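Here are my notes on this one, point by point. Have the model open beside you as you read.

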Amino acid sequence: MVGGLFAMYAKAEHPRQGDFTRTADGYEVRLAEPLDAAYARRTIDAQLSGLDAMMARADGKIRRVTTVDEIEAARRDAVFSIVLHLEGAEAIDADLDGLARLYSRGLRSLGPVWSRPNIFGHGVPFAYPRSPDTGPGLTDAGKALVKACNEL
């Protein structure tokens with residue numbers, strides 16, 4: 001048994017309608033609206049609590065891993081390993097306090113933006129065919145987030 005990256009994600013609190021447009025050679029989905037940070041934190045905290053409950057019921061057969069050594073140990077022990085990933089960093093404030101809290105709970109992979117803007121960057125719309133290299137990219141806060149991640 002191995003495992004993999006498991007993404008946490010805060011979906012839109014109020015999903016919009018009519019965002020999908022068919023184009024001559026593909027499609028486009030309008031960039032989603034930014035999320036409220038408090039809503040995103042509650043959503044991610046609920047997902048982490050759900051994971052904790054699932055692991056408690058799994059009788060040691062599921063393990064949250066944070067290092068390569070832990071992944072290798074889980075493989076040797078035939079335990080399913082979970083590496084936590086956050087898709088969109090809305091649950092992290094500009095002061096980055098949330099990053100330390102999530103890291104302490106096992107977060108080891110982070111996509112600063114998803115298909116919506118946040119304080120860290122612009123986001124990438126769903127569109128085909130199109131390059132994902134769109135928009136202005138990371139903000140200064142986004143660059144600080146990446147730097148902080150690299151220092152953990």
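1. A word on terms before the layout: helices and strands here are DSSP runs, with at least four residues for a helix and at least two for a strand, numbered from the N terminus. Keep in mind that the model is predicted. Starting at the N terminus, the order of elements is β-β-β-α-β-α-β-α-β-β-α, which comes to four helices and seven strands.

2. Some overall numbers. Along the principal axes, the C-alpha atoms fill a box of roughly 50 × 35 × 25 Å. The chain has 152 residues, and 32% of them are buried. Its exposed surface is about 9000 Å², with 56% supplied by carbon and sulfur atoms. Take the contacts with a separation of 6 or more: 59% of them join residues 24 or more positions apart.

3. Helix H1 covers residues 37–57, 21 residues in total, and spans 30 Å from first C-alpha to last, close to the 30 Å expected at 1.5 Å a residue. At its start, a side-chain oxygen of Asp36 comes to within 3.3 Å of the backbone nitrogen of Ala38. Just past the other end of H1, Asp59 has a positive phi of about 55°.

4. What does H1 pack against? Its buried residues sit against strands E1 (3–8), E4 (62–64) and E5 (80–87), and against helix H3 (97–104). The residues in question are Tyr39, Ala40, Thr43, Ile44, Leu48 and Leu51.

5. H3 is worth viewing down its axis. Gly98, Leu99 and Leu102 are its buried residues. They take up an arc of only 105° around the axis, so they fall on the same side of H3. Asp97 and Ser104, on the other side of H3, are exposed. The cover over the buried residues of H3 includes H1, E5, strand E6 (107–111) and helix H4 (140–151). Just after H3 comes Gly106, with a positive phi of about 115°.

6. Now look at Leu152, in the segment after H4. Is Leu152 buried, exposed or partly exposed? Its relative accessibility is 45%, and because the partly exposed class runs from 20% to 50%, Leu152 counts as partly exposed. Which residues does Leu152 touch, leaving aside neighbours within four places in sequence? They are Leu99 and Tyr103. As for Arg116, 36 residues away along the chain, its C-alpha is 26 Å from that of Leu152.

7. On to the aromatics: the structure has three aromatic pairs. One of them is Phe6 with Phe80, an edge-to-face pair at 5.6 Å centre to centre and 75° between the planes. Phe6 belongs to strand E1 and Phe80 to strand E5, so this pair ties together parts 74 residues apart in sequence. Both rings' residues count as partly exposed, Phe6 at 34% relative accessibility and Phe80 at 26%.

8. Tyr9 and Trp114 form another aromatic pair, this one tilted, with 4.6 Å centre to centre and 55° between the planes. Tyr9 is in the loop between E1 and strand E2 (20–22), while Trp114 is in the loop between E6 and strand E7 (127–128); the pair links distant parts of the chain, 105 residues apart. Tyr9 counts as partly exposed at 25% relative accessibility, and Trp114 counts as partly exposed at 23%.

Terms used:
Residues numbered from 1 in each chain as written. Predicted model: local features only at pLDDT ≥ 70, side-chain atom pairs only at ≥ 80, totals over all residues. Heavy atoms only, no water. Expected span 1.5 Å × (residues − 1). Buried < 20%, exposed > 50% of the residue type's maximum accessible area, 1.4 Å probe, protein only. Contact = heavy atoms within 4.5 Å. Polar contact = N/O pair within 3.5 Å; in protein donor to acceptor, adjacent residues only side chain to side chain. Arc of directions from axis to C-beta. Areas by Shrake-Rupley, 256 points an atom, 1.4 Å probe, with all protein chains shown as cover. Phe/Tyr/Trp six-rings, centres within 6.5 Å; stacked < 30°, edge-to-face > 60°.
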